[in-house]
Amino acid sequence: MLAALLCGPVAAAPAPDVGAPVPGEKSPSPQRLILPAPTGSAAVGTLKFELPADRRLVVQVWYPADRPATCMHLPYMDARTAHAKTGDGEAPRADLSLAVGVNACVGATPVSSGAPLPVVLFSHGMGATRFSYQSLYEDLASRGYAVVAIQHPSGSRYTAYADGSFSTFDAEAWYTADETERQRRMNRQLEEWLADGRAVLVRLERLKAADSDGVHSDALGPLAGRLDLAHVGYAGHSFGGTTAMLAAKSDPRIR
């Protein structure tokens, strides 16, 4: 129920009553769903980037933006992830990437007035992806936060990279009936996820340092000089929530 409230898309309109398909007729298209509109006063922008470290991280940022004249949306999720999340026993649903509408505009100009943006890091649940929490990201961004969602390659259902490569969740490396071994594996995963959070914070700090030299020509360029790294929080779901609490306990930058 909580997951539905936080993450579930809502229907834009009631679905029509459709009878059984008639042989020879084209099946009706699935109804398009739209994420709830953000409740804050700002429009929402988004951008994503990759950290070319040993554990290649895909990171996406949602932030408050000036309302653009035109708005281009990213798909709700990439087509390969949409297909993977349906499971092998179901019909391919790559169309899921387009069947859910989002509110954030790609690369929109960050709000031009106001104080620097406090940062909220976010970690998904074990076996999940960053996509399922977009309603929460968009709403926080509309209220003035920069939300930095980390996709953890060792614990996400599927991670697609810009070069066309991908990684998948290895359940056998995680689940075991031996409680001692399970605890060891869990601790190893936590250390990896905590390291991911630290790597992202270092990247954000470098963005600020580069801005002082007038150099910010990468994917995060629009946010150069706009992030308030003195006010960083960490949120997460399930295993990502455990990661968030331990990160806040161990890293003085997360207050």
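**Exercise 1. Find the residue in strand S6 that is the bridge partner of threonine 46, and set strand S3 among its neighbours.**

*Step 1.* In S6, threonine 46 has valine 106 as its bridge partner, where strands (E, at least two residues) and helices (H or I, at least four) are DSSP runs numbered from the N terminus. The model is a predicted one, in which local features need pLDDT of at least 70 and side-chain atom pairs count only at pLDDT 80 or more, whereas totals for chains, interfaces and linings use all residues. Residues are numbered from 1 along each chain as its sequence is written, and side-chain values use heavy atoms, with hydrogens and water left out.

*Step 2.* S3 and S6 (residues 105-106) run parallel and are joined by two bridges, which satisfies the rule that two strands pair if DSSP finds at least two bridges between them.

*Step 3.* With S4, strand S3 pairs in the antiparallel sense over nine bridges, and within that pairing glutamate 50 stands opposite valine 58 of S4.

*Step 4.* Strand S3 (residues 43-51) is mostly covered, since seven of its nine residues are buried; buried means under 20% relative accessible area, exposed over 50%, and partly exposed in between, with a 1.4 Å probe and protein chains only.

**Exercise 2. Determine which side chain meets that of glutamate 50 in a salt bridge, and how accessible the two residues are.**

*Step 1.* A salt bridge places a side-chain nitrogen of Lys or Arg within 4 Å of a carboxyl oxygen of Asp or Glu. By this rule there are nine salt bridges.

*Step 2.* Glutamate 50 meets arginine 56 at 3.6 Å, N to O. Arginine 56 counts as partly exposed because its relative accessibility is 27%, and glutamate 50 is likewise partly exposed because its value is 30%.

*Step 3.* For another pair, arginine 253 and aspartate 251, the closest N and O atoms are 2.8 Å apart. Here arginine 253 is partly exposed at 24% relative accessibility, whereas aspartate 251 is buried with a relative accessible area of 9%. Returning to glutamate 50, salt bridges that share partners join Glu50, Arg56 and Asp163 into one network.

**Exercise 3. Locate the salt bridge of arginine 184 with glutamate 181 within its helix.**

*Step 1.* The closest N and O atoms of this pair are 2.7 Å apart.

*Step 2.* Both residues belong to helix H5 (residues 179-212), where they are three residues apart, about one turn of the helix.

*Step 3.* Arginine 184 is partly exposed at 45% relative accessibility, and glutamate 181 is partly exposed with a relative accessible area of 21%.

**Exercise 4. State which strand gives the largest share of the lining of the largest pocket, and describe that lining.**

*Step 1.* A pocket, on a 1 Å grid over the protein atoms alone, is an open set of points with protein on both sides within 12 Å along at least five of seven lines, and lining residues have an atom within 4 Å of a point. The largest pocket holds about 160 Å³ of space, taken as the space filled by probe spheres set on the points, which are joined across faces, edges and corners.

*Step 2.* The largest share of the lining, three residues, comes from S3, while S3 and strand S9 (158-160) each supply at least two residues.

*Step 3.* Among the lining residues are Lys48, Phe49, Glu50 and Val58, so that glutamate 50, already met opposite valine 58 in S4, appears here too.

Notes:
On a 1 Å grid over the protein atoms alone, a cavity is a set of points where a 1.4 Å probe fits but cannot get out, and a pocket is an open set with protein on both sides within 12 Å along at least five of seven lines; lining residues have an atom within 4 Å of a point.
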